[in-house]
There are 2 protein chains.
Amino acid sequence: MADTARPARSSRRRYGLRPTMKDVAARAGVGLKTVSRVVNGEPGVTPDTERRVREAITALGFRRNDSARILRKGRTASVGLVLEDLADPFYAPLSRAVEEVARAHGALLINGSSAEDGERERELALALCARRVDGLVIIPAGDDHRYLEPEISAGVATVFVDRPAARIEADAVLSDSFTGAREGVAHLIAHGHRRIGFIGDLPRIHTAAERLRGYRAAMAEAGLAVDGSWVALGPTGPGRVRADAERMLVGRGSAAGPVTALLTGNNRVTVTVVRVLAGLERRVALVGFDDFELADLLTPPVTVVAQEPALLGRRAGELLFRRLEGSGEEPRRVVLPTRLIPRGSGEVPPHS
Amino acid sequence: MADTARPARSSRRRYGLRPTMKDVAARAGVGLKTVSRVVNGEPGVTPDTERRVREAITALGFRRNDSARILRKGRTASVGLVLEDLADPFYAPLSRAVEEVARAHGALLINGSSAEDGERERELALALCARRVDGLVIIPAGDDHRYLEPEISAGVATVFVDRPAARIEADAVLSDSFTGAREGVAHLIAHGHRRIGFIGDLPRIHTAAERLRGYRAAMAEAGLAVDGSWVALGPTGPGRVRADAERMLVGRGSAAGPVTALLTGNNRVTVTVVRVLAGLERRVALVGFDDFELADLLTPPVTVVAQEPALLGRRAGELLFRRLEGSGEEPRRVVLPTRLIPRGSGEVPPHS
DNA sequence: CCTATCTCTGACAACGTTGTCCACTCCATC
DNA sequence: GATGGAGTGGACAACGTTGTCAGAGATAGG
């Protein structure tokens, strides 16, 4: 008796006795395919038969197994999102926007946080590919995305956001970090500042490099030299940022003297620097990259170079689904403008 | 010839020519199962055979199809999270914490935003069940979760967070909203306030109802009557909240006069009210439910009743995986304490 | 030299669904 | 009463993987 090898009866399987279409068919006294037709709203079933099937479905608590459906149909109606940190106030609305686009296309969003670690980004992206997501939206942490090549050529639509892909050609949706930073620094210069510092993210991160470039460009355009001690790139944890800010503000290790104004490279840096400045006697001008909630209610209100994270996400989602619908266009790069929002902190005059 | 019906060759299928184990096996000149063994690191494969298989895998760019694996194995190693809004600064860290727990257990997190709509919550939760997530974490929007009963008894571990399930028994991880609100109001009373308003979320939301209860309890304990015009529950959009706040502050429609202090029911409400108060001449005391970034840098710094969203998420995740590992315990309710953080805005003395 | 034991390998079925295709029923028509 | 067609229903294979089990060699022991 080979049957003894099978522990479970056909009607109640596994730990969680999930009924299948077969069980529904048996109970309703119809064929398997008829149940499938009812479940999928396909035509060709008499009202009476349909009623019997529906009764059986509710009686058994049947729910279609989408894993099996996916396997059979090939497409999963889900897209993956890999970002740095879901809880970051910049990325959260971006994620939400991608979700909305996915939802409009009937797809679910699976997301994972890379914690700014290239290896973890890779693991996540590949795990999502193994689940056969139809598409991927990636805010890259790593500096080599060739590992995605087989996936992309196997048909996984892929869009990069906030930062471009490294070493492969792929769609990207970016903010114009260079221009944004340049305008921010020009704003400070226009208000009389000559010694301006920049505190940014790790230099390997594209946006950080671009913002630094924008900073240097604005300084150069104004004929201002940049002292080496005025630029500090690194991790955006409060400790490092606080130390660098304090160093620049007293002018320690600098022949050129302390800075009178700061450009901060992203929302986390800005918040830390706002804290540092709040403890100071003298007033220091500040322009922050990224808008943030309550910036307008601080004293002084914080002038920012604003991006639109939700728009970045939406554009990325739209690009993704356009690809999924089979546009065979070349990879393209969408660059969104930033917007300088003067609120006061950028208009503080130089101290010395 | 029935074969003409099959358009694709066996080695390159579908749009995106995904190689399968069969293809790998053919190329390596071994059996299907041997490939499976190599991919899964099972013992019993000679080094030489393994090498051949690995070569074929990289040559073809093979990646295991987890959909098929899931179908076969029964467990998906993924959990679902349904919350109101991924972009909300309260829920984002909660989501991230659940993700971390899932990651520690080798599972992926699929999340969806219900937009505070019970019907959408239901759709999302059931869609996740259809994908056969192993477990579900839900921040409920709806007021009847009986639709989950078949899923739960089919083995989907389910944990509710922030608010309890309605009309079913299920695990829940909550903050102690009642005590938190009571302490917040007691703090205001201790600083001399007698006319205290409460602006909260929709009354059908459990936390809003509990916070209102806490507010009333504190008032009653101090022997203070509550004027009907001092309580405003409703959607937390800025328009409604602003209107209610302004109404309370001038005492329009109230025999008892304008309030001198406010308890706000969640972070969104607090932020809107902070904006309203910033435009006022007189100083109004404020205690906000939920801590938020920069609360300490506003003028005056905002006193809050803090919850720990990340801890809520972590506990929920842990509870979920404990269930998944088969603890057959009764559904339990975990209640986490809140913490009053005095910063100044709650200590403003009454105006009149 | 034959058998017993062990290691490695592969054929086959099954997971739950959907697509293809054929069979059957029922009615209207000739 | 046979014929045709439309309208239903169901048998079967396939999606890509894993578990079971048995077969094929190799080695050792009698």
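In the predicted model, B:Arg213 is placed over the face of B:Phe178, 4.2 Å from the centre of the ring. An arrangement of this kind also occurs in chain A, where A:Arg211 lies over the face of A:Phe289 at 3.8 Å from the ring centre.

Aromatic rings also pair with one another, and the count over all chains comes to 4 aromatic pairs. One of them is formed by B:Phe90 and B:Tyr91, whose ring centres are 5.2 Å apart. With 75 degrees between the planes, this pair is edge-to-face. B:Phe90 and B:Tyr91 are both buried. A further pair is formed by B:Phe198 and B:Tyr215, with a centre-to-centre distance of 5.6 Å. The planes of B:Phe198 and B:Tyr215 stand at 25 degrees, so this pair is classed as stacked, the limit for stacking being under 30 degrees. The stacked pair connects distant parts of chain B, 17 residues apart: B:Phe198 belongs to strand β6 (residues 196-200), whereas B:Tyr215 belongs to helix α9 (residues 206-221). B:Phe198 is buried, as is B:Tyr215.

The surroundings of DNA strand C were examined next. This strand is surrounded by 27 residues, of which A:Arg72, B:Gly31, B:Arg37, B:Thr46 and B:Thr49 are the closest. By residue class, the surface near DNA strand C consists of 10 charged, 10 polar and 7 nonpolar residues. Four helices each supply at least two residues of this surface, namely α2 (32-39) and α4 (66-73) of chain A and α2 (32-39) and α4 (66-73) of chain B. The greatest contribution is that of α4(A), which gives 4 residues.

On the side of the nucleic acid, sugar or phosphate accounts for 63% of the atoms of DNA strand C within 4 Å of the protein, and bases account for the rest. Individual polar contacts involve both the phosphates and a base. A polar side-chain atom of A:Ser36 is located 2.9 Å from a phosphate oxygen of DNA strand C. A:Asn65 approaches a phosphate oxygen of DNA strand C through a backbone N or O atom, at a distance of 3.1 Å. In chain B, by contrast, a polar side-chain atom of B:Arg72 lies 3.2 Å from a base nitrogen of DNA strand C.

Terms used: Residues numbered from 1 in each chain as written. Chains lettered and ligands numbered in written order. Predicted model: local features only at pLDDT ≥ 70, side-chain atom pairs only at ≥ 80, totals over all residues. Heavy atoms only, no water. Phe/Tyr/Trp six-rings, centres within 6.5 Å; stacked < 30°, edge-to-face > 60°. Buried < 20%, exposed > 50% of the residue type's maximum accessible area, 1.4 Å probe, protein only. Lys NZ or Arg CZ within 6 Å of the ring centre and 35° of its normal. Near = heavy atom within 4 Å. Polar contact = N/O pair within 3.5 Å; in protein donor to acceptor, adjacent residues only side chain to side chain. Nonpolar A, V, L, I, M, F, W, Y, C, P; charged D, E, K, R; others polar.
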